[in-house]
Amino acid sequence: MTTEPVVDICLDRAWIDRALRVDVAEGLTSHPKELPPKWFYDDRGSELFDQITRLPDYYPTRREREILEREVDVIAERSGADTVVELGSGTSEKTRIALDALAATGRLRRYVPFDNSEATLRAAARELAAAYEGLAVHGVPPL
């Protein structure tokens, strides 16, 4: 049976708007001028970043995947984990490697992804809840 994923919105829109105004005011009056990158990862920014990770010149995602694929069985065995918490989960594509390994141990119970893009988070949560029987997915968009 598929468990419906939960996505909690912890911050209200007014708080987010105030935080953005403060960051912009501070960033534009600082030297050098800056803006925290968290503001770039809205739904569109998340889509663009996902496209960037697929470019031949962007190697970190491929390297992370290689390491995870090589070490995931040891991680699953030694950790004894039943829950995966992931910061900056995005599409959760690489996460499936870890979820597969933990599911194979019979211990996988929960997945808690955090991502700035609510749309990306909801889509990934639905896909993973459908793909892993009985997996409780509890997404949290920090912004």
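This passage looks at a nonpolar surface patch and at some salt bridges in a predicted model. Local features need pLDDT of at least 70 and side-chain atom pairs count only at pLDDT 80 or more, while totals for chains, interfaces and linings use all residues. Residues are numbered from 1 along each chain as its sequence is written, and side-chain values use heavy atoms, with hydrogens and water left out.

On the surface, a nonpolar patch takes in Leu20, Val24, Leu28, Leu35, Phe40, Tyr41, Phe49, Ile52 and Leu55, and together they have about 720 Å² of accessible area (Shrake-Rupley method, 1.4 Å probe, only the protein chains shown counting as cover for residues). Patch residues have over 30% relative accessible area and no salt bridge; like charges are joined within 9 Å, nonpolar side chains (Val, Leu, Ile, Met, Phe, Trp, Tyr) within 5 Å. Helix 1 (13-29) gives the most, with 3 residues. Helices (H or I, at least four residues) and strands (E, at least two) are DSSP runs, numbered from the N terminus. Leu55 sits in the loop between helix 2 and helix 3 (60-79), and is partly exposed because its relative accessibility is 45% (buried is under 20%, exposed over 50%, partly exposed in between; 1.4 Å probe, protein chains only).

As for charges, the whole structure holds 13 salt bridges (a side-chain nitrogen of Lys or Arg within 4 Å of a carboxyl oxygen of Asp or Glu). One of them pairs Glu93 with Arg54, closest N and O atoms 2.8 Å apart. This pair links distant parts of the chain, 39 residues apart. Glu69 and Arg65 also pair, at 3.9 Å from N to O; they are 4 residues apart in helix 3, so about one helical turn separates them.
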